[in-house]
Amino acid sequence: MREYKREYPPEHFIVEIKPYSLLSNTKAEKYESGVFDAGGYRWRLSFYPKYETTSKKGYISLFLVLIGSVSGKQSPAEVYATFRLFLYKNTPETQEYLTIEDGSGKVNHFHEEMRQELGFAKFLLRSTFEKRSEGYVWDDCCRIGAEVFVHKGQTKTLDEYLPPRELKNPTSSVRKFRLGSISSKRDPKCLSSDKFHLQGRKWKLSVCQNGEPENKSLSFMLESKEDWKSFPSFYAKFRVRVLDRVHGKHTTEKEVQHWFCSSNRKIVFPDFMPWKTLRDSSKGFIKNDVLTVEVEICSLSVVEAPRILKKPLSYD
């Protein structure tokens with residue numbers, strides 16, 4: 001058993017047994033609660049006020065009982081679930097729930113006919129439970145509760161392929177940009193593209209200047225423009241190149257790989273080439289006051305559409 005205390009009440013069910021003395025004095029074997037619904041199934045609690053071990057130690061016991069499915073279509077009902085059972089502690093100093101769950105974390109197999117009841121025989125020592133100062137019984141009342149989480153065996157999984165797939169169609173993997181009026185804008189600090197699509201992803205490219213006037217350099221920033229509140233991380237390897245449109249022999253290219261995620265959406269090439277080199281007419285990078293830049297995605301991790309695992313794994 002794993003035991004802890006919390007102030008927040010049980011999510012699915014609470015029942016107060018009052019007067020508790022009527023249950024205790026009549027030496028009742030157990031108390032069965034009313035029925036409640038959770039996860040598409042109907043359940044109840046079984047409370048045993050006097051469970052004794054072979055060593056004659058007395059405990060209270062608390063069990064979760066499967067009654068059947070809410071729809072009634074599954075008969076006999078069979079379900080895999082995890083659960084927590086609760087006992088309220090009420091003292092002048094403390095109002096909280098003693099919470100007990102399976103310490104191994106396993107998923108429990110309930111069956112309406114063959115394995116209907118699961119829980120904790122040694123939930124709490126009876127002497128502790130009935131001791132007035134402990135606060136588990138107050139004003140001749142005790143309160144128990146339950147949370148039940150049903151595992152329906154239809155887990156959605158996302159398959160991400162690593163290493164990433166190499167892209168076989170070069171044409172669809174390249175995007176070309178022509179940035180005009182490079183000279184007339186008197187060395188603009190930054191030029192940015194509109195949002196564009198490449199290999200099914202959304203991007204934005206920024207071309208900027210870095211450094212002091214006497215030692216400026218050309219830099220690039222490629223930013224993923226996905227909705228990162230819900231989009232999964234992905235890997236990309238890509239190349240950025242500045243084309244020599246005059247001579248065709250000075251094209252400059254750099255390759256980088258990066259994992260994009262919500263906290264790391266951008267990759268920066270801080271010193272792609274010196275600004276003087278870019279403006280050197282003999283290199284052919286600027287033609288008719290236009291700079292041509294290409295972005296090529298070489299490989300990309302792929303996340304498939306969710307698929308359903310129809311059956312749960314084997315549970316004890």
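Is Phe-177 buried or exposed, and what is its relative accessible area? Phe-177 is buried, with a relative accessible area of 10%, where buried means under 20% relative accessible area, exposed over 50% and partly exposed in between, computed with a 1.4 Å probe on protein chains only.

Before going further, keep in mind that this is a predicted model, in which local features need pLDDT of at least 70 and side-chain atom pairs count only at pLDDT 80 or more, while totals for chains, interfaces and linings use all residues. Residues are numbered from 1 along each chain as its sequence is written, and side-chain values use heavy atoms, with hydrogens and water left out.

**Aromatic pairs**

Select the rings of Phe, Tyr and Trp (its six-membered ring), which pair if their centres lie within 6.5 Å, with planes under 30 degrees apart counted as stacked, over 60 as edge-to-face and the rest as tilted. By that criterion the structure holds 23 aromatic pairs. Go to Tyr-48 and Phe-63, whose ring centres are 5.6 Å apart and whose planes stand at 80°, so this pair is edge-to-face. The two rings link distant parts of the chain, with Tyr-48 in strand β5 (residues 41-52) and Phe-63 in strand β6 (residues 58-69), 15 residues apart; strands here are DSSP runs of E with at least two residues, numbered from the N terminus. Both Tyr-48 and Phe-63 are buried.

Return now to Phe-177 and add Phe-196, which together form an edge-to-face aromatic pair at 4.9 Å centre to centre, with 65° between the planes. Phe-177 belongs to strand β14 and Phe-196 to strand β16 (residues 196-198), so that pair links distant parts of the chain, 19 residues apart. Phe-196 is buried as well, at a relative accessible area of 2%.To see a wider group of rings, select Trp-203, Phe-220, Trp-228, Phe-231, Phe-234, Phe-238, Phe-260, Phe-269 and Phe-272, which ring pairs link into a cluster.

**Charges over rings**

Next, display Lys-89 with Tyr-136, where the lysine lies over the face of the ring at 4.8 Å from the ring centre; a charge sits over a ring if NZ of Lys or CZ of Arg is within 6 Å of the ring centre and within 35 degrees of the ring normal. Arg-143 can be viewed in the same way, lying over the face of Tyr-88 at 4.4 Å from the ring centre.

**Salt bridges**

A search of the whole structure finds 16 salt bridges, each being a side-chain nitrogen of Lys or Arg within 4 Å of a carboxyl oxygen of Asp or Glu. Select Lys-176 and Glu-294, whose side chains meet in a salt bridge at 3.7 Å, N to O. Lys-176 lies in strand β14 (residues 174-180) and Glu-294 in strand β23 (residues 290-303), so the pair ties together parts that are 118 residues apart in sequence. Lys-176 is partly exposed at 40% relative accessibility, whereas Glu-294 is buried, with a relative accessible area of 13%.

Keep Glu-294 selected and add Arg-241, since the side chains of Arg-241 and Glu-294 also meet in a salt bridge, at 2.8 Å, N to O. This pair links distant parts of the chain, with Arg-241 in strand β19 and Glu-294 in strand β23, 53 residues apart. Arg-241 counts as buried, at 10% relative accessibility. Salt bridges that share partners join Lys-176, Arg-239, Arg-241, Glu-253, Glu-255, Glu-294 and Glu-296 into one network.

Within that network, move to Glu-253 and Arg-239, whose side chains meet in a salt bridge at 3.7 Å, N to O. Glu-253 lies in strand β20 (residues 252-260) and Arg-239 in strand β19 (residues 234-242), so the pair ties together parts that are 14 residues apart in sequence. Glu-253 is partly exposed, with a relative accessible area of 41%, and Arg-239 is partly exposed at 24%.

**Cysteines and a buried asparagine**

Now colour the cysteines: the structure holds zero disulfides, a disulfide being a pair of cysteine sulfur atoms within 2.5 Å. The sulfur of Cys-142 is 6.3 Å from the closest cysteine sulfur, in Cys-141, which is too far for a bond. Cys-142 counts as buried at 0% relative accessibility, and Cys-298 is buried with a relative accessible area of 8%.

Finish at Asn-108, which is placed in strand β9 (residues 108-111) and is buried, with a relative accessible area of 7%. Leaving aside its neighbours within four places in sequence, Asn-108 is in contact (heavy atoms within 4.5 Å) with Val-79, Tyr-80, Ala-81, Thr-82, Phe-83, Asp-102 and Leu-118.

Conventions. Helices (H or I, at least four residues) and strands (E, at least two) are DSSP runs, numbered from the N terminus.
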